Amino acid sequence: MLKSKDISVVMQGPVMHEGVDAFPFPLTHTALRKVRALLPDAQIILSTWEGENTSYLDSADEVVLNPDPGAQRGAPEMIPNNVNRQIVSTLGGLNKATRPHTLKIRSDIVLQSLDFVRYFESGLRQAISEFAIFRSRIVANNFSSRNPLIRSPAAYTFHPSDHVHFGFTEDLLKLWDIPLQPQEEAAWFDHHPRPITLRLHETSRLAPEQYLFLSALARNGHRIELVDFADSRPMVVEQSESYLEGNFIFVPDRRFAIHFAKYHNFHHDKFEYLRRNSLVPPHRLRRFEIAKSHVIALGRLLTSSLH
């Protein structure tokens with residue numbers, strides 16, 4: 001097994017000064033200390049924004065204060081798109097990484113184990129795919145890693161999770177050293193028709209995860225053209241499967257293992273069937289989701305009949 005002295009950790013994002021459920025102390029402080037406990041000899045880099053209070057964060061070896069590129073959005077009422085913030089903070093940390101392997105993790109995620117190393121080492125024994133752009137497959141959590149083979153309009157292609165990545169440092173640099181998203185791309189649906197009734201409060205042509213991976217592919221000689229985030233033509237699905245399987249190992253969050261309070265909740269659990277390498281068979285999850293919607297509808301009907 002890899003030794004912690006061979007690993008850099010890039011924790012990226014804003015400093016979270018409040019605690020959450022199981023971790024009542026400042027979340028980023030807790031996350032850094034947990035990484036230090038699990039990887040005592042690792043190089044730990046916190047990559048955040050200029051002006052952040054980092055004075056009490058004593059577990060990081062180095063703090064990188066990046067200029068904040070700001071969020072992008074189309075119309076004012078739309079959800080801001082933070083993909084450029086992800087790129088800047090992640091790349092700022094990766095450029096300081098000196099060890100051969102790097103774990104990239106968000107500043108609001110608490111690492112729970114080192115099981116991801118075992119998955120990475122298993123990937124070293126796999127054959128290199130003709131679709132690979134990396135030296136070895138990057139290990140990613142599966143929370144937002146969509147499975148386009150599932151018959152759902154939300155099962156987007158080229159959509160690997162961007163929360164946690166582990167692999168060779170040179171490979172993470174290949175993934176994250178990409179151009180920032182142009183404003184024209186970010187405000188695409190202010191001026192173009194939407195393909196489906198999803199992402200109605202977002203205006204970017206691609207989901208952030210798609211922009212990340214497709215930009216990395218293009219920068220490394222594999223340009224793929226998607227019409228937009230919902231492009232699910234058979235040829236695109238086939239390409240997506242080849243490139244995702246050739247470049248990533250997707251691990252369920254609970255096996256990675258991470259604690260991600262923002263998204264590990266009942267609401268998001270019902271979308272488990274969309275994820276790659278789901279722990280639960282899709283047909284069981286879909287039956288549960290349908291049954292739950294029927295119960296909610298019945299409850300609303302009964303409530304309205306009482307008034």
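These notes cover two nonpolar cores, one helix and one arginine in a predicted model.

1. Start with the largest nonpolar core. It has 33 residues. Val9, Leu103, Leu111, Phe116, Val139 and Phe256 touch the most other members. Several elements give two or more residues to this core: strands E1 (7-12), E2 (43-49), E4, E5 (110-111), E7 and E8, plus helices H1 (27-38) and H3 (115-124).

2. Take Val139 from that core. Beyond four places away in sequence, Val139 touches Phe116, Tyr119 and Phe120. Val164, His165 and Phe166 are also among its contacts. So are Ile249, Val251 and Phe256.

3. Another core lies apart from the largest one. This second core holds 30 residues, including Leu94, Phe158, Phe213 and Phe248.

4. Now look at helix H4, residues 169-176. Its buried residues are Thr169, Asp171, Leu172, Leu175 and Trp176. Viewed down the axis of H4, they fall within an arc of 160°, so they line one face of the helix.

5. What do the buried residues of H4 pack against? Their partners include two helices, H2 (83-94) and H6 (208-219). Strands E4 (101-106), E6 (138-141), E7 (164-168) and E8 (248-251) are partners too.

6. Last, check Arg275. This arginine sits in the loop between helix H9 (266-269) and helix H10 (282-305). Is Arg275 buried or exposed? Arg275 is buried, at a relative accessible area of 6%. Its side chain reaches the backbone oxygen of Phe143 at 2.7 Å. Leaving out residues up to four places away in sequence, Arg275 touches Asn142, Phe143, Ser145, Asn147, His268 and Asp269.

Definitions and conventions: Residues numbered from 1 in each chain as written. Predicted model: local features only at pLDDT ≥ 70, side-chain atom pairs only at ≥ 80, totals over all residues. Heavy atoms only, no water. Buried < 20%, exposed > 50% of the residue type's maximum accessible area, 1.4 Å probe, protein only. Helix = DSSP H or I, 4+ residues; strand = E, 2+ residues; numbered from the N terminus. Arc of directions from axis to C-beta. Contact = heavy atoms within 4.5 Å. Polar contact = N/O pair within 3.5 Å; in protein donor to acceptor, adjacent residues only side chain to side chain. Core = buried A, V, L, I, M, F, W, Y, C linked by side-chain atoms within 4.5 Å.
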